[in-house]
Amino acid sequence: MDSDLLTAVKKVAARLTENDLRLSIAESCTGGFISNAITNLPGSSKFYEMSVVSYSARAKRSVLGISSSLLKKHGTVSEETAVAMARSARELGGSEVALSVTGVAGPETVEDREVGLVYMAVAIEDLVKSKGVKLTGDREEIKLAASLDALRFLDQTLRLWL
């Protein structure tokens with residue numbers, strides 16, 4: 001595993017474990033990369049609840065319960081969708097904390113969104129923080145960068161909230 005990714009996972013794991021919090025994840029463009037990184041850490045069962053890889057709009061609707069109207073209005077790659085994914089993951093997992101990521105890993109654009117555009121959200125109880133980033137590189141590099149950025153965003157949000 002990439003050393004920066006491992007460091008980010010360890011920081012998140014420590015914060016969640018110290019505060020007896022459980023994490024659920026909804027991933028799209030990262031395709032389970034974040035969940036894989038977390039489960040590669042021994043002891044992750046102490047804080048990690050579940051993950052949904054909702055790659056298609058249909059999966060976002062049927063599994064995560066994202067409304068068709070939200071997806072039609074804002075698209076599958078949007079801040080609004082990332083927020084809805086995080087809220088849904090937290091509810092589905094029955095966890096205190098959730099992380100979501102949606103974006104375009106490439107090489108083609110999606111819904112006129114450019115390659116490298118990624119949105120992420122963290123839901124902690126009633127608080128939801130979100131952000132968008134523009135990443136560069138090939139598909140694998142974007143997936144790794146999005147995963148790392150999302151974990152760092154989760155760690156930063158936990159630090160501010162706890």
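Which residues of α5 are buried? To find them, select helix α5, residues 79–93, where the buried residues are T81, A82, V83, A84, M85, A86, S88, A89 and G93; buried here means under 20% relative accessible area, with a 1.4 Å probe and protein chains only, and helices are DSSP runs of H or I with at least four residues, strands being runs of E with at least two, numbered from the N terminus.

This is a predicted model, in which local features need pLDDT of at least 70 and side-chain atom pairs count only at pLDDT 80 or more, while totals for chains, interfaces and linings use all residues. Residues are numbered from 1 along each chain as its sequence is written, and side-chain values use heavy atoms, with hydrogens and water left out.

Staying with α5, its 15 residues should span 21 Å at 1.5 Å a residue (1.5 Å times one less than the number of residues), and the end C-alpha atoms are 21 Å apart, which agrees. Just after α5, select G94, which takes a positive phi of about 60°.

Move next to helix α1, residues 3–18, and colour L5, A8, V9, V12, A13 and L16, which are buried. These residues cover an arc of only 135° around the axis, which puts them on the same side of α1, the arc being that of the directions from the helix axis to the C-beta atoms. The elements that cover the buried residues of α1 include β1, α2 (33–39), β3 and α6, where contact means heavy atoms within 4.5 Å. At the start of α1, a side-chain oxygen of D2 reaches to within 3.0 Å of the backbone nitrogen of D4, and after the helix comes D20 with a positive phi near 50°.

Now show the sheet, an open one of 5 strands in the order β2-β1-β3-β4-β5 with mixed pairing; two strands pair if DSSP finds at least two bridges between them. At its edges stand β2 (48–53) and β5 (127–134), each with a single partner strand, so one side of each is left without a neighbour in the sheet. Strand β1 (residues 23–27) runs parallel to β2 and is joined to it by 5 bridges; select S24 to find its bridge partner M50 in β2.

Finish on α6, which lies across β1, β3 (97–103), β4 (117–124) and β5, running at about 30° to β4; angles run from 0 to 180 degrees between N-to-C directions, and axes are lines fitted to C-alpha atoms, for helices over the stretch in contact. At the N-terminal end of α6, D138 acts as the cap, with a side-chain oxygen 3.2 Å from the backbone nitrogen of E140.

Methods:
Buried < 20%, exposed > 50% of the residue type's maximum accessible area, 1.4 Å probe, protein only. Polar contact = N/O pair within 3.5 Å; in protein donor to acceptor, adjacent residues only side chain to side chain.
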